[in-house]
Amino acid sequence: MQELGFFTILFSAVFTNNILLTNYLGMCSFLAVSREVKASLGLGTAVFFVTAATTALNWVVYYRILVPLDLVYLRFIVFIVVIAAFVQLVEMIIERVSETLYQALGIFLPLITVNCAILGACLFMVIRDYTFGQACAYGLGAGLGWALAIMAMAGIRQRLSLRSRIPRGLEGPGIALIIAGTMALAFMGFNGMVSLN
Amino acid sequence: MTELLIAVGVMCAINTGLAILLVIADALIADYGECTVTVNDRKKLTVTGGRPLLNVLKDQQIFIPSACGGRGSCGLCKVTVLEGAGPLLPTETPWLTPEEQKANVRLSCQVKVKRDLRIQIPEELFSVRQYRTQVVGLADLTYDIKEVRLKLIEPPALTFTAGQYIQIEVPPYELTAEPIYRAYSVSSAPSETGEIELEIRYVPNGICTTYVHKHLKVGDTVTINGPYGSFGLHPTEREIICIAGGSGMAPIKSLLLEMERTGNPRTCRYFFGAKAKRDLFMVDRMRELEKSLPNFRFIPALSAPEPGDAWEGETGLITEVVARHVQSAAEAEAYLCGSPLMIDACIPVLRAKGLPEANIFYDKFS
């Protein structure tokens, strides 16, 4: 495959191949914690940190431990374990730094462990045969893209809740799904600018 | 085979590595250092931060009543936290009334000590201690109520006032994975400090009652803490009306034994409600008390005597019996102990007899 530069990967992971809006990964917390910008900023930051760190870490684990020992089939469980440990770490940091944020995130903080976007990023990195540098860039980009998408969503929903009269049947998840679809359409405009595959 | 071993080995190695990383991080990040907990503005405790207030206080020998052992499912461990608790947690709100929330009442098992705290607890909790005891007697009072005698080992004596209760620690066994605590009134006299007596009624599938009725044996070690509660005889000259049902006998018996010891001359009537004769107990002891206390009368009543009971005493619901016997209660004091249902039914009857609400004291089982 052609050599993709650090910035190309970073840029494309954030915009053209946004993991949330083009791969639809990590939808559950995207829908549930996008009512307020503040909480989604917190969750976005947490996911960004975990994705960036675990993609790099999992690259090392995969290519330095699993491949040489011929244990590639263990990658799913190993990736999840590494992610779980990192989520614990992030939880400790958030609890220490901001109690308000810790409570606003509530159950979604430990649930980052099973956020499919994070595992997805780790698996894409393997499928696409990235080098370590590329994997780091992709992890940063995927996390940033996810955070960007949930914050955009929260911004829109926060405004909607103040100004618009939503039909009763569409309140909550209904309108959120429509917004997500519209946002995904907008992001489709980037399609073809850069190909990651 | 080797492949399998390598896979297991690698998994273990990765998990261990991550666990070590987390332990180090926990020590570095979750280190809140030393915090000062000021209790009732006079006692200053220096404690290690990062743990729930309930456990921190327990280590400092201050026991807050708690039935669930700190899982936030009983709502008993209420403490007023004036400073340093942080915002109210969603796990606490179901247990706190709006007034309590305004008064900074918190659940001490949910509040973590992260900085200096200023808290307020009832003064009587300072005398609460943990005691190691040994079962020295187990007797069936009725088919479903057991009398448990506990000998105090360490410390060797428990000082309490008649009417107070203690908590039993139920160790993990088939019905519970964690130790839990249940409250029981002491039924023995406070003058007897070396041994205490409890009356425990069997509740099907009850964690503590099953443990006591099916597993506890003479010679077993039981951990208790106490004493708690403000139920007890008020030092006035008024006539006393006691009403109890089932194991509600316990605190009333303790009050009466204390009256016997001090030769208390107050007029006292004790109404005890039971379904049938097989639910009655302690009748002989109560008849003895009638002899030693000249102004005491014991009035047992059966609500549903069985055909073979040959019962000549009072019959009917305890409320009806009380209404029949008590003429005017304006100058009396009432002490009630039993199920919430019984207590809620008795209060209006006493009020109708002219007894002021301020003179009705009760100990509700829940």
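**Two open sheets in chain B**

In chain B, six strands form an open sheet in the order S9-S8-S11-S6-S7-S10, and the pairing is antiparallel. The edges of this sheet are occupied by strand S9 (180–185) and strand S10 (195–201) of chain B, each of which pairs on one side only. With direction ignored, neighbouring strands of the sheet are turned by 40° against each other on average. The model described here is a predicted one.

Helix H5 (residues 249–262) of chain B packs on this six-stranded sheet. The helix touches strand S7 (145–154), S9 and S10 of chain B, and of these strands S9 and S10 are the edge strands. The direction of helix H5 makes about 150° with that of S10(B).

Within the same sheet order, S8 is followed by S11. Strand S8 (residues 165–170) and strand S11 (residues 221–228) of chain B run antiparallel and are joined by three bridges. In this pair, B:Tyr165 stands opposite B:Tyr228 of S11(B).

A further open sheet in chain B consists of five strands in the order S2-S1-S5-S3-S4, and its pairing is mixed. Strand S2 (43–48) and strand S4 (105–107) of chain B each have a single partner strand, so that one side of each is left without a neighbour in the sheet. From one strand to the next, the twist averages 40°.

In the order of the five-stranded sheet, strand S5 lies between S1 and S3. On one side, strand S1 (residues 34–39) of chain B pairs with S5(B) in the parallel sense over three bridges. B:Leu117 in S5(B) is the bridge partner of B:Val37. On the other side, strand S3 (residues 78–83) of chain B runs antiparallel to S5(B), and three bridges join the two strands. Here B:Val81 stands opposite B:Ile119 of S5(B).

The two faces of strand S5 (residues 117–120) of chain B can also be distinguished. In a regular strand, side chains alternate between the two faces of the sheet. The covered face of S5(B) carries B:Leu117 and B:Ile119, whereas B:Arg118 and B:Gln120 belong to the uncovered face. Of the residues on the covered face, B:Leu117 is thus the bridge partner of B:Val37, and B:Ile119 is the residue opposite B:Val81.

Strand S3 also pairs with the edge strand S4 of chain B. These two strands run antiparallel and are joined by three bridges. B:Arg106 in S4(B) is the bridge partner of B:Val79.

How values were computed: Residues are numbered from 1 along each chain as its sequence is written. Chains are lettered from A and ligands numbered from 1 in the order in which they are written. This is a predicted model: local features need pLDDT of at least 70, side-chain atom pairs count only at pLDDT 80 or more; totals for chains, interfaces and linings use all residues. Side-chain values use heavy atoms; hydrogens and water are left out. Two strands pair if DSSP finds at least two bridges between them. Helices (H or I, at least four residues) and strands (E, at least two) are DSSP runs, numbered from the N terminus. Axes are lines fitted to C-alpha atoms, for helices over the stretch in contact, and angles run from 0 to 180 degrees between N-to-C directions. Contact means heavy atoms within 4.5 Å. Buried means under 20% relative accessible area, exposed over 50%, partly exposed in between (1.4 Å probe, protein chains only).
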